[in-house]
Amino acid sequence: IEKSFAFPNPGNPFAMPFPEVTTVLDAMNDNMNVDFVAIKIGDVNNSVIANALMSADDRNVGTMMFDVNDQSVKAGEVFTARFKASEVVAGYQFTLKFAGLEVLDITPITEGMTAGNFGKFADAVTTSFDGKTAGEFEVKFRANIGGQLSRMLSVSSSITRAEAYGQSGRQDVALRFNSANGSTISGVGFELYQTVPNPFVSKTQIGFNLPVAADATLRIFDETGRVVFQQSGAFAKGTNVITIDRAVLNTVGVLYYTVETGTDSASRKMIQTK
């Protein structure tokens with residue numbers, strides 16, 4: 001926000017539009033007269049985490065469920081899935097990952113929820129909401145392949161960290177797929193995140209999520225497959241972060257990193273610049 005801007009109603013700054021964009025016509029020259037104040041938004045409990053790869057105090061108390069009807073879908077079928085929170089919380093946020101599906105539309109159901117509460121990506125939808133009623137929304141999909149919905153949708157922290165805030169504190173977020181045969185609960189599983197920043201010069205962070213506390217090993221390889229860094233340890237349930245300094249790598253260029261536990265393994269690519 002421009003530093004000189006004064007909100008007409010500071011108690012409700014979103015009551016009317018405010019300037020959020022400054023146009024710089026000549027970026028090559030001095031623009032020190034452009035003065036602004038950064039404001040964090042979407043923070044539901046005043047303890048914002050800048051990205052999903054930063055460590056946090058994970059004293060989660062329980063799990064907030066989003067109920068959705070499970071079903072079998074056919075390739076080419078267009079269908080709507082409704083997601084309804086099982087309880088009212090101060091706020092929640094999560095990433096909804098999908099495989100073999102294409103998002104056609106997102107419809108807010110809960111009063112006060114708008115399109116601004118969602119973000120649409122190639123293989124994911126992010127959502128964040130705080131209100132006095134249980135969050136509820138619909139997503140219209142087109143199935144690119146046939147399958148069971150409970151195997152095609154999952155909760156993730158890959159873009160927006162999956163968490164809710166109830167009266168007792170922070171909660172996990174999970175999907176509860178309901179069918180005539182009962183319910184299946186699917187929470188955030190094993191995930192390896194992209195390094196932040198990437199590319200990097202001096203330091204970067206490698207983040208990963210564990211569904212349960214476990215021993216894990218991080219290995220970093222150069223383009224020839226040579227291991228240039230390795231670290232093993234016991235890691236807690238939830239998001240874990242390992243900071244990598246360029247000095248321990250002693251190499252530059254394209255690198256590959258793998259996190260492996262007794263049951264899961266994943267790999268990604270990062271770039272170390274000179």
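Okay, let me start in the middle of the chain, with a hairpin: strand 6 and strand 7 are joined through three residues. Strand 6 covers residues 118–120, and three bridges tie it to strand 7, with the two running antiparallel. If you want a pair to click on, take Gly119, whose bridge partner in strand 7 is Thr126. Before I go on, keep in mind that this is a predicted model.

Staying with strand 7, residues 124–129: is it mostly covered or not? It is, with five of its six residues buried. Strand 7 also pairs with strand 4, again in the antiparallel sense, this time over six bridges. There, Leu96 stands opposite Val125 of strand 7.

Let me zoom out for a second. The protein chain has two helices and 20 strands. Its C-alpha atoms fill a box of roughly 55 × 55 × 40 Å along the principal axes. There are 274 residues, and 35% of them count as buried. On contacts, looking at pairs with a separation of 6 or more, 67% come from residues 24 or more positions apart.

For the surface people: the accessible area of the chain is about 15400 Å², and carbon and sulfur atoms own 50% of that. On charges, we have 23 positive and 28 negative side chains, and the centres of those two sets lie 4 Å apart.

Now, the inside. In soluble globular proteins, nonpolar side chains tend to be buried together. Which residues touch the most other members of the largest nonpolar core here? Those are Phe66, Phe83, Tyr92 and Leu153, in a core of 34 residues. Apart from that one lies another core, of 19 residues, and among them are Phe200, Leu218, Phe229 and Leu249.

Phe66 deserves a closer look. Leaving out residues up to four places away in sequence, its contacts include Phe83, Tyr92, Phe94 and Phe137. Val173, Ala174, Leu175 and Arg176 are also among the residues Phe66 touches.

Next up, Val89. You'll find Val89 in the loop between strand 3, residues 78–85, and strand 4, residues 91–98. So, buried or exposed, this loop residue? Val89 is buried, because its relative accessible area is 7%, and the cut-off for buried is under 20%. Ignoring residues up to four places away in sequence, Val89 touches Met64, Gly131, Ala164, Tyr165, Gly166 and Gln171. For a sense of distance across the model, Val89 and Thr239 sit 150 residues apart in sequence and 22 Å apart in space, C-alpha to C-alpha.

Over to another sheet. Three strands make an open sheet, in the order 14-15-18, with antiparallel pairing. Strand 14, residues 191–192, and strand 18, residues 238–245, are the edges; each has a single partner strand, so one side of each has no neighbour in the sheet. In this sheet, strand 15, residues 203–210, pairs with strand 18 over eight bridges. Leu210 stands opposite Gly238 of strand 18.

Last piece, and we're back to a hairpin. Strand 19 and strand 20 form one, with four residues between them. Strand 19 is residues 253–260, strand 20 is residues 265–272, and eight bridges join the antiparallel pair. The partner to look for is Ile271 in strand 20, which bridges to Val254. Okay, that's my tour. Over to you.

Terms used
Residues numbered from 1 in each chain as written. Predicted model: local features only at pLDDT ≥ 70, side-chain atom pairs only at ≥ 80, totals over all residues. Heavy atoms only, no water. Buried < 20%, exposed > 50% of the residue type's maximum accessible area, 1.4 Å probe, protein only. Contact = heavy atoms within 4.5 Å. Areas by Shrake-Rupley, 256 points an atom, 1.4 Å probe, with all protein chains shown as cover. Lys, Arg positive; Asp, Glu negative; His and termini not counted. Charge placed at Lys NZ, Arg CZ, Asp CG, Glu CD. Core = buried A, V, L, I, M, F, W, Y, C linked by side-chain atoms within 4.5 Å. Pairing = 2+ DSSP bridges.
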